Amino acid sequence: MNEKLAVLKNECLKCEACPLSKTRTNVVFGDGNENAKIVFIGEAPGANEDLQGVPFVGRSGKLLDEMCESVGLSRKTNIYIANTVKCRPPENRDPSLDEQRLCAHWLKSQLEIMRPRIIVCVGRIAAQEVIGKNFSISRQHGEFFRHGKMILTAVYHPAAILRNINLKPDTVEDLKKIKLLYDKITSE
């Protein structure tokens, strides 16, 4: 593990800044290739993630992995996955604004250390936290936004796809565009 990232993770594992620290099983820091040029960001861990301490490992995570792998992206080789909030909100509720605010510095520090070129927000909540509070996932998924040297985008959350399979083709197309951008960036 990258030494700076390891130090940050150890600090994060001890965090008790908000009430979520009292109900969590594990802090869910991140997973994947720490040198990745692409970082996927979800909103918060669910039950499976809380138990394992790894983001996107339940049904949604399996679907995200399958869709990514279908276009040549994988947390084993070229992506890293994190969340805006590192601890599971009870009953998988959306993280509160206070919880997001209190946890924001962990993700910000991860990104400063990793310096990705592409950030992919997974779902509306992550996109509103990272891209902008007025972001509309249904209208703006797959659009690219420049932020300094980084390019930001968002895709539908796999949990939404599991509820509405008709969202899957759009998400796969968005992932194909992300892979093309990744290929362009890594060939420069």
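Buried means under 20% relative accessible area, and exposed means over 50%. The model treated in these exercises is predicted.

**Exercise 1. The faces of a strand**

Task: State which residues of β2 point one way and which the other way, and decide whether they are buried or exposed.

Solution.
Step 1. Find the strand: β2 covers residues 38-42.
Step 2. Recall the general pattern: in a regular strand the side chains alternate between the two faces of the sheet.
Step 3. Sort the residues. Ile38, Phe40 and Gly42 point one way from β2, while Val39 and Ile41 point the other way.
Step 4. Check the cover. The residues on both sides are all buried, which agrees with the count of 5 buried residues out of 5 for β2.

**Exercise 2. The neighbours of β2**

Task: Name the strands that are joined to β2, and give the direction of pairing and the number of bridges for each.

Solution.
Step 1. Take β3, residues 79-83. This strand runs parallel to β2, and 5 bridges join the two. One position to look at is Ile38, which stands opposite Ile79 in β3.
Step 2. Take β4, residues 118-122. This strand also runs parallel to β2, with 4 bridges between them.
Step 3. Look at single positions in the second pair. Val39 stands opposite Ile119 in β4, and Ile41 stands opposite Cys121 in β4.

**Exercise 3. From β4 to β6**

Task: Describe how β4 is covered on its faces, and how β4 pairs with β6.

Solution.
Step 1. Count the cover: 5 of the 5 residues of β4 are buried.
Step 2. Separate the faces. Ile118, Val120 and Val122 lie on one side of β4, and Ile119 and Cys121 on the other; all of these are buried.
Step 3. Give the pairing. β4 and β6 pair in the parallel sense over 5 bridges.
Step 4. Add a position: Ile118 stands opposite Ile151 in β6.

**Exercise 4. The whole sheet and its edges**

Task: Write down the order of the strands in the sheet, and explain why one side of β1 and of β5 is left without a neighbour.

Solution.
Step 1. The sheet is open and has 6 strands, in the order β1-β3-β2-β4-β6-β5, with mixed pairing.
Step 2. Read off the edges. β1 (31-32) and β5 (145-147) each have a single partner strand, so one side of each has no neighbour in the sheet.
Step 3. Examine the pairing of β5. Strands β5 and β6 (residues 150-155) run antiparallel and are joined by 3 bridges. Within this pair, Leu152 in β6 is the bridge partner of Phe145.

**Exercise 5. Two residues of one helix**

Task: For Met114 and Gln100, decide whether each is buried or exposed, and list the contacts of each beyond four places in sequence.

Solution.
Step 1. Place Met114: this residue belongs to helix α5, residues 97-114. Gln100 lies in helix α5 as well.
Step 2. Compare each value with the cut-off of 20%. Met114, with a relative accessible area of 9%, is buried. Gln100, at 7%, is buried too.
Step 3. List the contacts. Beyond four places in sequence, Met114 is in contact with Leu5, Asn33, Glu34, Val39 and Tyr80. With the same neighbours left aside, Gln100 is in contact with Val85, Pro95, Ile125 and Glu129.
Step 4. Add a distance. Met114 and Tyr80 are 34 residues apart along the chain, and their C-alpha atoms are separated by 9.5 Å.

**Exercise 6. Positive phi in two loops**

Task: State where Phe56 and Arg115 are found, and whether each is buried or exposed.

Solution.
Step 1. Note the backbone angles. Phi of Phe56 is near 50°, a positive value in a residue other than glycine. Arg115, not a glycine either, has a positive phi of about 55°.
Step 2. Locate the residues. Phe56 is in the loop between α3 (47-52) and α4 (59-70); Arg115 is in the loop between α5 and β4.
Step 3. Apply the cut-offs. Phe56 has 6% relative accessibility and counts as buried, whereas Arg115 has a relative accessible area of 61% and is exposed.

**Exercise 7. The chain as a whole**

Task: Explain why the chain is called as compact as a globular protein of its length.

Solution.
Step 1. List the elements: the chain has 9 helices and 6 strands.
Step 2. Compare the radii. The radius of gyration is 15 Å, close to the 16 Å that the globule rule gives for 188 residues, so the chain is as compact as a globular protein of that length.
Step 3. Add the extent: the C-alpha trace spans about 40 × 35 × 30 Å along its principal axes.
Step 4. Add the cover: 52% of the 188 residues count as buried.

Terms used:
Residues are numbered from 1 along each chain as its sequence is written. This is a predicted model: local features need pLDDT of at least 70, side-chain atom pairs count only at pLDDT 80 or more; totals for chains, interfaces and linings use all residues. Side-chain values use heavy atoms; hydrogens and water are left out. The radius of gyration is taken over C-alpha atoms; the globule rule is 2.2 Å times the number of residues to the power 0.38. Buried means under 20% relative accessible area, exposed over 50%, partly exposed in between (1.4 Å probe, protein chains only). Two strands pair if DSSP finds at least two bridges between them. Contact means heavy atoms within 4.5 Å.
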